[in-house]
Amino acid sequence: MERLELKYGCNPNQGQASISIDEGTLPLKVLNGKPGYINLLDALNGWQLVASLKQATGLASAASFKHVSPAGAAVGLALNENERRMYFIDEKQTLSELASAYVRARGADRMSSFGDFISLSDTCDLSTAKRIKSEVSDGVIAPSYTEEALAVLKQKKGGAYTILCIDPSYAPPLLEERSVYGITFTQERNTQVLDDSVLQPVVTKQKDLSQEDRLNLLVALNTLKYTQSNSVCYAYRGQTIGVGAGQQSRIHCTRLAGEKADLWQLRQTERVLSLPFLPSLSRNDKDNAVECFLRGETEDFSRYFAQPVSALTDEERESLLCSVSGVSLASDAFFPFRDNIDRAAKSGVSYIVQCGGSVRDDLVIEACDALGIVMIMNGIRLFHH
């Protein structure tokens, strides 16, 4: 048996924390720092997600995990001008495919990603390491690192930044176990592959799906496979833009994720991109400023902006969002009522994939037909606990 001692368990008062493997050696190595219990949960869930995304799409993938659910996940599509501006990436900075995936994953929900654990599908290169260095995070896991990337990452947190290396060839046993209250649970590991083959059948009158739409649906589905249930995910341009995790009601998942998706869309509007930030603001302060501005949660913007800024009105917000379309949505289980479809449509959802199986499937399909939404019912439930 090989064992790795951890900093502590879920909380500092929970000692004797470790991970171990009964046979062979652990498939990961600590290259720097000392991880904690939650760090490892985030790292191993995140690694599975990016490995699945890479397998499904062939593109470099990245994920930003917080408390065992992804704040964001993405593949390495090149950033357009607006995305560079909203993610604070200078137009002169060259990004590798993996760096683009990381910037997108981190940018999906920057507030939630603060202090995250990062997962990368490919060798961490210098381009990606430089982007990671500029953000607040607890650690990173990747199959390997270039010497230059490793040198940059080891500078974070005064040299205490957690850097993990995972063996990409490791194949876990089919059966997995966990202990709860001294009782051992056993089940088969979820080996469902979520690639293009699961995007069928289309059950609505509208059936057209472009390659980009299919990519977005695969990003959303693979993200949900490693998101605490109940969960719903909105995706666009090769990345998640809103994840609703761990809610007891599916409509609450849809609303939560939809609200995050709306904020992501609003961040790209010129009203936000041209905000006159104070020169002294850090990147994280700018994130807080944008969040407060979009939510109208403060009347005193002087601590953020160099000149007076009027709050975003409900009318402006509605006007800016009314033209959004082409968003994809996935659900980890069926929609029991059409209210989920109606709420999704308000955030520009045009494509949906879910398992189906509700007694009201016909009403949900009817709602999609009325709104011109393409919906797939693939029969695959993706609960994750």
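Here is a short back-and-forth about the cores, a cavity and one strand in this predicted model.

Me: Before we start, what are the ground rules for this model?
Reply: Residues are numbered from 1 along each chain as its sequence is written, and side-chain values use heavy atoms, with hydrogens and water left out. As this is a predicted model, totals for chains, interfaces and linings use all residues, side-chain atom pairs count only at pLDDT 80 or more, and local features need pLDDT of at least 70.

Me: Which residues touch the most other members of the largest nonpolar core?
Reply: A nonpolar core is a set of buried Ala, Val, Leu, Ile, Met, Phe, Trp, Tyr and Cys residues joined through side-chain atoms within 4.5 Å. Buried means under 20% relative accessible area, exposed over 50%, partly exposed in between (1.4 Å probe, protein chains only). The largest such core has 47 residues, and the two touching the most other members are Tyr234 and Ile352.

Me: And which helix gives the most to this core?
Reply: Helices (H or I, at least four residues) and strands (E, at least two) are DSSP runs, numbered from the N terminus. With six residues, the top contributor is helix α8 (residues 250–267).

Me: Is strand β11 largely enclosed or not, and why?
Reply: β11 covers residues 231–236. The strand is largely enclosed by the rest of the structure because five of its six residues are buried.

Me: What is the bridge partner of Tyr234 in β12?
Reply: Two strands pair if DSSP finds at least two bridges between them. β11 and β12 (residues 239–245) run antiparallel, joined by six bridges. Within that pairing, Tyr234 is matched in β12 with Gly242.

Me: On the β13 side, what is the bridge partner of Cys233?
Reply: β11 also pairs with strand β13 (residues 327–331), in the antiparallel sense over four bridges. There, the partner of Cys233 is Ala330.

Me: Which helix supplies the largest share of the lining of the largest cavity?
Reply: On a 1 Å grid over the protein atoms alone, a cavity is a set of points where a 1.4 Å probe fits but cannot get out, and lining residues have an atom within 4 Å of a point. The lining includes Tyr87, Arg131 and Glu135. Four lining residues come from helix α3 (residues 97–107).

Me: Is Leu28 buried or exposed?
Reply: Leu28 lies in strand β3 (residues 28–32). Leaving out residues up to four places away in sequence, its contacts (heavy atoms within 4.5 Å) include Leu4, Ile19 and Cys165. Its relative accessible area is 8%, so Leu28 is buried.

How values were computed: On a 1 Å grid over the protein atoms alone, a cavity is a set of points where a 1.4 Å probe fits but cannot get out, and a pocket is an open set with protein on both sides within 12 Å along at least five of seven lines; lining residues have an atom within 4 Å of a point.
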